[in-house]
Structures are given as C-alpha cells and as structure tokens.
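Student: I have a model open on my screen and would like to learn how to read it. Could you walk me through a few features?

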Amino acid sequence: DVMNFHVLTLFPEMISQGGQASILGRALKNGCISLHPVDIRDYTENKHKKVDDYPYGGGAGMLMQAQPVYDTYLSVKEGIEAEKVRVIYLTPQGRRFDQKMAKELSREQDLIFLCGHYEGIDERVLEEIVTDYVSVGDYVLTGGELPAMVMIDAIARLVPGVLNNETSADFESFHNDLLEYPQYSRPEEWKGKRVPSVLLSGNHAKIEAWRQEQSILRTKGRRPDLYEKYEEKRRVIERLLK
Ligand code: ADE
C-alpha cells in the first residue's frame, strides 16, 4: 500500500525540493509514499507557453486559465487506477486542515493537489475537477505549493511504515487533545538547569503520571481553547461512567 501524491503546479521544483529531506525523503526512498510534481506549463496549448490571462470584468492580477489546468489533471488521472480520486485545491477559502482531515486522507491510495498562483484559477475548471477546498490557516500565501507540502507531510507520517515507531495506539485517546509534555536528554545538568528528578527515578508509573500532568498544565497555559475541549470531553465521560 504505497500512497501516491500528485501535485499540479507551475513550480514543480518547490515540491521536489521539499521531498528530499528528513523523514519524508526517507519514506520516498523506502517506497512507502511517492511524490509526483506535474508542471501545468507542460500542458498549455498556447504557443508561447502562456498559462494565465486577465480576468473578465477587470481587476488586479492574472488568472490561471482552465485549459492547461484541466489537461494536466486529465493526464494525471489517466495514470491512476481508481475511478474516484480526491482533488484538493489549496485556498484560504477552504475548510481548515487539521489532524482529523490528515487521518481521513491518509486512507486514500492517491491524492491530487492543485496549486494556484497569481490571483487564482478560472472558476469553471475548479467546478469541473475539485472535490475538496482546503486552507492551512487564516493567512494568505503566494501560492498553494507550501500548503500542499504541509498537507503531504502531515498525511505521509500517518501512512504505515513512514515512521519507525508504531504510535498509532497513541490515537483515539485524550492524548490527542493535549500538547506533548516537555522532554530532556543528556546532560543531567545544563546551564544550572537540572532534568526533573522523576525522569531519573526509573519509576515508570510515576513518570507517566508526571508526563500526563505536564501535558495538561502545558495545554492549559499555551492552548486554553484545546484545554476547554479536553475538559468538556472528560466531563462527558465522567457523567457516562456514573
Ligand atoms: N493559498 C494561499 N494561501 C493559502 C492558505 N492559507 N491555505 C491554502 N492555500 C493557500
């Protein structure tokens, strides 16, 4: 079960570069995932390789035209076995990307990402091919490539075999809703700061309890919004257990 990421873009090097490093790079070499940047410019019928034009009705900037985007999509689609493939358009107007969506998407065999540039893409081709409009956050970037790589990174690490540790048991619990506890490595003392003594105690029950407490305190301090959700979930479960 290899997962295949196809990225339709005017800047394929932004995708191939990002796929070289670290865990994503190793997963690509292992063959757990594959990453295929596809240059939309290669599919334009324009003799000057133009892929954009002025918007009807006027306004600032240029729009990516429907033809090159659609023909790139058709070519990629032809190489995919499945009848239905999700086509994700990266846009600040989309549904907000989160861990739940990453998990859902990690079950797909193929995903197609469509990256816009300039002031956007002709609406008609979006209507024709896009299944999911997704935003990575409420800020505006210059194109969809970085958001696509953000999504690919988050999804790829959920694909079996990409991470060495089998932490999938981690999921489905309160663990999800809390921030990670602080961690320490050697030396035991650095700039006068000592590693919390409980971590050197060898008492695994105590260590677990301390980490849980730290996670809760950290979440309350840094992400009060997540802490509220966690507390509400606990209240519901406590009520059900009575
Ligand atoms: N393209 C430009 N900004 C974006 C964002 N915040 N999310 C997804 N795609 C985008």
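Tutor: We will go from the ligand's surroundings to a loop, a helix and a strand, keeping in mind that this is a predicted model.

Student: Happy to start there. Which residues surround the ligand?

Tutor: For a ligand, begin by listing its neighbours. Here they are Leu90, Thr91, Pro92, Ser135, Val136, Gly137, Tyr139, Val140, Leu141, Gly144 and Pro147. Strand β5, residues 86-96, gives the largest share of this shell, with three residues.

Student: How many residues of the shell are nonpolar, polar or charged?

Tutor: Seven are nonpolar and four are polar, while no charged residue appears in the shell.

Student: What does UniProt list under "binding site"?

Tutor: A record is worth reading beside the model, with care about its status. The unreviewed UniProt entry names Gly116, Val136, Gly137, Asp138, Tyr139, Val140 and Leu141 for this feature. Among the ligand's neighbours in the model are Val136, Gly137, Tyr139, Val140 and Leu141.

Student: Where does Gly137 lie, and is Gly137 buried or exposed?

Tutor: Gly137 sits in the loop that runs between β7 (132-135) and α6 (145-156). To judge burial, count the C-beta atoms around a residue: 12 or fewer within 10 Å means exposed. Gly137 has 11 such neighbours, so it counts as exposed. Val140 belongs to the loop between β7 and α6 too, and Val140 is exposed because 8 other C-beta atoms lie within 10 Å.

Student: How do I read the helix after that loop? What is the span of α6?

Tutor: Compare the end-to-end distance with what the residue count predicts. The twelve residues of α6 reach 16 Å from first C-alpha to last, close to the 16 Å expected at 1.5 Å a residue. The buried residues in α6 are Glu145, Pro147, Ala148, Met149, Met151, Ile152, Ile155 and Ala156. One of them, Pro147, also belongs to the ligand's surroundings.

Student: Now a strand, please. How many residues of β6 are buried?

Tutor: With a strand, check each face separately. In β6 (residues 110-114), five of five residues are buried. Asp110, Ile112 and Leu114 cover one side, with Leu111 and Phe113 on the other, and both faces are covered.

Student: Which strands pair with β6?

Tutor: Look for bridges and their sense. Strand β1 (residues 3-9) pairs with β6 in the parallel sense over five bridges, and Phe5 stands opposite Leu111. β5 also runs parallel to β6, over four bridges, where Ile88 has Phe113 as its bridge partner.

Definitions and conventions. Residues are numbered from 1 along each chain as its sequence is written. This is a predicted model: local features need pLDDT of at least 70, side-chain atom pairs count only at pLDDT 80 or more; totals for chains, interfaces and linings use all residues. UniProt positions are given in the numbering used here, feature names are shortened, and annotations may be inferred rather than shown by experiment. Helices (H or I, at least four residues) and strands (E, at least two) are DSSP runs, numbered from the N terminus. A residue is buried if 20 or more other C-beta atoms lie within 10 Å of its own, exposed if 12 or fewer, and partly exposed in between; C-beta atoms are placed from the backbone. A residue is near a molecule or strand if its C-beta atom, placed from the backbone, lies within 6 Å of it. Ala, Val, Leu, Ile, Met, Phe, Trp, Tyr, Cys and Pro count as nonpolar, Asp, Glu, Lys and Arg as charged, and the others, Gly among them, as polar. The expected span of a helix is 1.5 Å times one less than its number of residues. Two strands pair if DSSP finds at least two bridges between them.
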